[in-house]
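Reader: I've never read a protein model before. Could you walk me through one, feature by feature?

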Amino acid sequence: MMDDDSGDDAVVDGEILSEGSFQLSGDQAPAVADDVLPETLHILPISTRPYFPGQVQPVLVNLNTWGSTLQAVSDAGHGLLGLAFVDGVESDQAVPRDIPLIGCVVRLHRMPAGGEQQGQFMVQGIKRFRIVRWLNERAPFLAQVEYPRSQGQRDSDEVKAYAMALIKEIKELLPLNPLYNEELKQYLSHFSPNEPSLLADFSAALTTASGTRLQEVLETLPLVPRMEKVLALLRKEREVAELQGQISEQVNQQLSETQREFFLKEQLKVIQKELGISKDDRTADQDTFEERLKKLNPPEAVMNRIEEEMQKLSYLETGSPEYAVTRNYLEWATSVPWGVYSEDILELRHAREVLNEHHDGLDDVKERIVEFLAVGSFRGEISGSILLLVGPPGVGKTSIGRSVADALGRKFYRFSLGGMRDEAEIKGHRRTYIGAMPGKLVQALKDVEVSNPVIMLDEIDKIGASYQGDPASALLEVLDPEQNSEFLDHYLDLRVDLSKVLFICTANQLDTIPGPLLDRMETIRLAGYIAEEKLEIARNHLWPKLLGRHGVQDEQLRINDAGLRYVIEAYCREAGVRNLEKQLARVIRKSIVTLLEGDEQKLRVGKKDIEGLLGKPPFGIEKPLRGLGIATGLAWTAMGGATLPIECTQVHTLNRGFKLTGKLGDVMRESAEIAYSYVMAHLKEYGCSPDYFDTSLVHLHVPEGATPKDGPSAGITMATALLSLARKERIRRKLGMTGELTLTGQVLAVGGIREKVIAARRANVMELILPAANKKDFEELPDHLREDINVHFARTYRDVFHFVFDDHLDDRSVH
């Protein structure tokens, strides 16, 4: 097929063709002339970018896939191949439907050697081709092609104008990137600059545009639209190159400034050293440590050890690892406040003011703390003391510890022991380990800069143990007043005096604290708050604090006491006030939304508004269960106290049996068995049929079956429920009770009296039966807890029976 479109012919340098012409093997015919192109071409898809006429560049192909195509070109004898750009697929996986109709026919130079997986060869673009139809749709791809002509007058003024615009853009690109200069020289050495079609194709190949944009240029046959597209690509290329140049200039400028600053600093160091007004790193470190020691009063043994390390530092090279280790050691050793103490404020009036200012309620706890401070004031110092604050979450254990520090005028430091499993956290790592550090206690002394701070050990009941050691055992030395004056940190390997430190520990329960550790601490219990105390806390502390945190003025948003009380009773029945704070924060957030979306400038929240802000309350009015075989007990929980109804019923009279449900623990199941045995043995004495249980299957259940329950304090409650069933007599009064029952009918003391009394008040149960041995515990309760409560103290179950089933109470009841 003859091509008469001179506007798209490649003027190929004969020397280049003679040097790199496709070599045929054997006696094959020589390659066809440039102006005679075949009607069929083998097609090779490429996924990098399209090739243009006049472009001379290498092509990298997978010989395993396309080796047959190259061999077919070699067998054809003309060395011509059609390159077509495929977008979105790998070239090795391309099929004819992925290949566009227009591509570029190229001449192959330097055929790749066989036996390799990847092959590279030079190609020289000659002319556009268009696929007419496919002759072979499997590799090697073969297609019948035609060679379309460029459309438009090459000598028209519009074409010349676009050509000049293209040349201008290329000239502006040349200073921005030297690579453009090399490519332009190659183009001018092979082609005439007066060929607008080749100029447009060369300009497009010069850019870094995407393959899709370049394929659009390749498929555009009219000269003017093609040059217009190429001009847009060149301008974008120039903008990118200018931006890249600006970025490079900024980076180079920053590097130059940094280098200049570095050289000036080095010169300054040399000048200062020559004049004797500068110090090297070693001297500067030694002066720093000596300056720190002047402000301290370390013991003689500590001073001797520090001087040894300072002497060692003086002859070590500053770049050696040992220098860094020694320097870090001296950094810590001189940061401990040896002999530095803050002055205590031992005024009881000041202590009361601080405690009352920070906390409402907890009067008994405040009294204990004031008594503790009074002893210190009488002695003239507070030392060797370890307090343990035990109570449910959210009752203010941590904040009370901070208040104690404020009352004494001491620095405060807190860290949590929860989940700690490595004793090195307490006693430090030995210096032989990389990255070794002192323990938390030495770190605390460094931070507070005095040797007599208040250190709070939070969550001491949640401390762990592992193969790395037992931190609880390490704390035995820390919390023992007889030992902590010579506490040994493994990193410092020096004796640190902790006897002046006031340790305050917090815990939710005592069961998980090891006995030897518990024995070293003075326990103060925080039972929780009743509704009246929560109301005072919410009004005086929580609400003002939350308003400030949310940036709301007091006059913009207010809540009345009825609203606060409803939030407390219907949404927040736990012992602490943490959930109360969360619910009040929700009220404020939703109120802010109302203020912003509405026209009102002020908002008043009352009881009727609470459900609209917080949703339906999770707690209804707590009414103790009443009926035949039902008794109300009192229980202690980690969240405070709770009422514990106990139900029993006669299932059938076919045989004897006793069934227990309610997820009861071993101790509580044993307590139920004791109550069952005691009642069976005394049925006639308590006015029941002696053979009632002989033919009855009795089922005893403790409601809320998903909640685990354990402990002996429900013994008299279970016996009372069984007697109510056997006597067929319900308990007529709202009566709560707690006490451990023995097989002989003795009522033993139980714990958690404060929590249980609070739970009874919350449920409006104002008549209680308690063990006589707990009378002192009840009398120690604050007056506002004992007010209006009628309490009966029982020594034996016979007393309990008279209180529950007799209308005439004897003089053993106490009001």
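Author: Sure, let's begin with holes. A cavity is a set of grid points where a 1.4 Å probe fits but cannot get out. Keep in mind that this is a predicted model.

Reader: Okay, how many cavities of 30 Å³ or more does the structure hold?

Author: Five. The largest cavity has a volume of about 80 Å³.

Reader: Which residues are the closest to the centre of the largest cavity?

Author: Twelve residues line that cavity, and the closest to its centre are Leu625, Arg626, Thr632, Arg733 and Leu735. Sorted by class, the lining has seven nonpolar, two polar and three charged residues.

Reader: Now salt bridges. What's the general idea?

Author: Side chains of opposite charge can pair when their charged atoms come close. To count as a salt bridge here, a side-chain nitrogen of Lys or Arg has to be within 4 Å of a carboxyl oxygen of Asp or Glu. The structure holds 34 salt bridges.

Reader: Can we try one? How far apart are the closest N and O atoms of Asp201 and Arg226?

Author: They are 3.3 Å apart, and the two residues form a salt bridge. This pair links distant parts of the chain: Asp201 sits in helix α5 (residues 196-206) and Arg226 in helix α7, 25 residues apart.

Reader: Are Asp201 and Arg226 buried or exposed?

Author: Both Asp201 and Arg226 are buried. The cut-off for that word is under 20% relative accessible area, while exposed means over 50% and partly exposed is in between.

Reader: Let me use those cut-offs on another pair. What does Arg431 form a salt bridge with?

Author: Its partner is Glu309, with the closest N and O atoms 3.5 Å apart. Arg431 lies in the loop between α14 (424-427) and α15 (440-448), Glu309 lies in helix α9 (residues 300-314), and 122 residues separate them along the chain.

Reader: And why does Arg431 count as partly exposed?

Author: Because its relative accessibility is 22%. Glu309 has a relative accessible area of 8%, so Glu309 is buried.

Reader: Do you have a pair of neighbours for me?

Author: Try Asp461 and Lys462, which form a salt bridge with their closest N and O atoms 3.3 Å apart. Asp461 counts as buried at 7% relative accessibility, whereas Lys462 is partly exposed at 39%. There's also a network: salt bridges that share partners join Glu169, Glu172, Arg235, Arg238 and Glu242.

Reader: What about the outside? Which residues form a nonpolar patch on the surface?

Author: Leu243, Ile247, Val251 and Leu255 do, with about 350 Å² of accessible area together. Take Leu243: this residue is found in helix α7 (residues 223-275) and counts as partly exposed because its relative accessibility is 47%.

Reader: Last one: how do I read a distance in sequence against a distance in space?

Author: Put the two numbers side by side. Ile463 and Ile513 are 50 residues apart in sequence and 8.3 Å apart in space, C-alpha to C-alpha. Ile463 is in the loop between β9 (454-458) and α16 (471-478), and at 14% relative accessibility Ile463 counts as buried.

Reader: And where is Gly152?

Author: Gly152 is in the loop between β6 (141-146) and α3 (157-173). Its relative accessibility is 56%, so Gly152 counts as exposed. Gly152 and Leu221 are 69 residues apart along the chain, and their C-alpha atoms are separated by 8.7 Å.

Notes: Residues numbered from 1 in each chain as written. Predicted model: local features only at pLDDT ≥ 70, side-chain atom pairs only at ≥ 80, totals over all residues. Heavy atoms only, no water. Patch = residues over 30% accessible without salt bridge, like charges linked within 9 Å, V, L, I, M, F, W, Y side chains within 5 Å. Areas by Shrake-Rupley, 256 points an atom, 1.4 Å probe, with all protein chains shown as cover. Helix = DSSP H or I, 4+ residues; strand = E, 2+ residues; numbered from the N terminus. Buried < 20%, exposed > 50% of the residue type's maximum accessible area, 1.4 Å probe, protein only. 1 Å grid on protein atoms, 1.4 Å probe; cavity = no way out; pocket = protein on both sides within 12 Å on 5 of 7 lines; lining within 4 Å. Points joined across faces, edges and corners; volume = space filled by probe spheres on them. Nonpolar A, V, L, I, M, F, W, Y, C, P; charged D, E, K, R; others polar.
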